[in-house]
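Please work through the exercises below with the sequence and the model side by side, and try each task before reading its solution.

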Amino acid sequence: MEVRAAVLHEARTPLSVETVTLDPPRAGEVLVRVAAAGVCHSDVRLADGDLGDGRWPTVLGHEGAGVVAAVGADAGGLAQGDRVAFCFVPPCRACAACAAGRFNLCEIAGERAWAGTLLDGTTRLRLADGRAVRHFNFVSCFAEHCVVPAASAVPIPPELPLWQAALLGCAVVTGFGAVRNAAHVEIGESVCVVGCGGIGQQMVAAARMAGAGRIVAVDRDAAKLALARRRGATDTVDASAGDPVRAVLALVPGGVDHALEAVGDPATIRLAWDVLRPGASAIVVGIAPRGTEACVPALDLLSEKSLRGSYYGSGNPPVEIARLGRLMADGRITVADAVSHLTDLEGIEAAFERLRRGSGARSVAVIDAALAGAPERPAQSAV
């Protein structure tokens, strides 16, 4: 079938909205009519060439939701009409990482995702001239339809609006997973969230849900800090107004129990490290460009501080996306307030520019308005 998609032909060039050919799903795959797609910093990292060379042409988009339009053989019980959120790590459940219960680090999924193929090592996308197009993280939902592995299509409650469900498969599962599975935040503990964009806002909400006693949000954008307050932060620090480390330590003398970094920059990683109390951990969620190095004082290791990463929620992504979807449908997790801009396929490039500037929270591209159920007017808030 022919579908409209936002294609990245080369790094550091604008996306091109054009018609591509999408082949039918094979065994273990499904065709999904895309309702909406979140625009994430990971998309920008690849578009800017920060995640490796030669990964194009490609259709970006790894966070989204839609409705199953067709299924291949052995589609894991999925059926036409099922409402699904996308999961960009479909675990094989057979490799060493999966056997150890680290499903988010599935070796097969990681290898195929980097190659830009589906699980069988091939692509379903072609340009008008017949050239193959790479997939991005199995999803490629900056398009009207996409073919994904069955394990990448996670059924969600029918009452959950798809424009909100679009955030489940990255921002929500990554943010909540970092708090729950990587940091293990307990009732009454103190948390510092560094970077209050799309994922940072979910980490603030997750820390509140976990019962954190003090939640300090750090950012340079006053609107993002105000949103973090509304989502549960007890304190905010403007990183552009003086020394943010000093400001956090003034609020939490001795340092915080957990620092979660959502920027992927050496300076913010160091900030997360510097606000820790002895024995505490900094969790880095932000994706840094290749070649970037982060440094911490070696002498500080004597205080038993630790620095670790968290990828895709550090858990079992399909299972957790389903559980978080149920919480969203029940009103226990809200995401609508964290969507600063609604746009369409043509507006994704502008959303990329906002991310590069650090402006706004999450942008959502409404691909099919009838399915997405989004507000009629784009909610371009002050964020």
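The exercises that follow go through strands, a helix pair, single residues and cysteines.

This is a predicted model, in which local features need pLDDT of at least 70 and side-chain atom pairs count only at pLDDT 80 or more, while totals for chains, interfaces and linings use all residues. Residues are numbered from 1 along each chain as its sequence is written, and side-chain values use heavy atoms, with hydrogens and water left out.

**Exercise 1. The barrel**

Task: Trace the closed barrel of 5 strands and find residues that stand opposite each other in it.

Solution: Helices and strands are DSSP runs, numbered from the N terminus, with at least four residues (H or I) for a helix and at least two (E) for a strand. Two strands pair if DSSP finds at least two bridges between them. With these rules the barrel runs S1-S2-S7-S8-S4, and its pairing is mixed.

Start at strand S1 (residues 2-8), which is joined to strand S2 (residues 16-22) by 6 bridges in the antiparallel sense; here Ala6 has Val17 of S2 as its bridge partner. Continue from S2 to strand S7 (residues 125-126), where 2 bridges link the antiparallel strands and Thr21 stands opposite Arg126. On its other side, S1 is joined to strand S4 (residues 58-59) by 2 bridges, again antiparallel, with Val7 opposite Val59.

**Exercise 2. One valine, two partners**

Task: Determine which residues face Val84 in the strands on either side.

Solution: Strand S5 (residues 63-71) pairs with strand S6 (residues 83-86) over 3 bridges in the antiparallel sense, and across this pair Gly66 stands opposite Val84. S6 is also joined to strand S10 (residues 153-155) by 3 bridges, running antiparallel, and there Val84 has Pro155 as its bridge partner.

**Exercise 3. The open sheet and a helix on it**

Task: Give the strand order of the open sheet, find its edges, and say which strands H6 touches.

Solution: The sheet has 6 strands in the order S13-S12-S11-S14-S15-S16, with parallel pairing. Strand S13 (235-238) and S16 stand at the edges, each with a single partner strand, so one side of each has no neighbour in the sheet. Neighbouring strands are turned by 20° against each other on average, direction ignored. At one end of this order, S15 and S16 pair in the parallel sense over 4 bridges, and Ala282 stands opposite Leu307 in S16.

H6 packs on the sheet and touches strand S11 (190-194), strand S12 (214-219) and strand S14 (256-261), its direction making about 170° with that of S11. Such angles run from 0 to 180 degrees between N-to-C directions, with axes fitted to C-alpha atoms, for helices over the stretch in contact.

Gln202 lies in this helix, H6 (residues 198-209). Gln202 is buried at a relative accessible area of 0%, where buried means under 20%, exposed over 50% and partly exposed in between (1.4 Å probe, protein chains only). Leaving aside residues up to four places away in sequence, Gln202 touches residues including Val172, Phe176, Arg231 and Thr334, with contact meaning heavy atoms within 4.5 Å.

**Exercise 4. Two packed helices**

Task: Classify the packing of H5 and H10, and describe the residues that meet.

Solution: Helix H5 (residues 168-183) and helix H10 (residues 317-329) pack at about 100°, with axes 10 Å apart. The two helices are therefore roughly perpendicular, since the classes are under 35 degrees for roughly parallel, over 145 for roughly antiparallel, 65 to 115 for roughly perpendicular, and oblique for the rest. Among the residues that meet are Leu168, Val172 and Phe176 in H5, and Ile321, Leu324 and Met328 in H10. The contact divides into 8 nonpolar, 4 polar and 2 charged residues.

**Exercise 5. The cysteines**

Task: Decide how many disulfides the structure has, and examine Cys92 and Cys196.

Solution: A disulfide is counted when two cysteine sulfur atoms lie within 2.5 Å, and a search of the whole structure finds 0. Cys92 is in no disulfide, the nearest cysteine sulfur, that of Cys106, being 3.6 Å away; Cys92 is partly exposed, at 32% relative accessibility. The sulfur of Cys196 is 8.6 Å from the closest cysteine sulfur, in Cys192, which is too far for a bond, and Cys196 is buried, with a relative accessible area of 0%.

Note on methods
Ala, Val, Leu, Ile, Met, Phe, Trp, Tyr, Cys and Pro count as nonpolar, Asp, Glu, Lys and Arg as charged, and the others, Gly among them, as polar.
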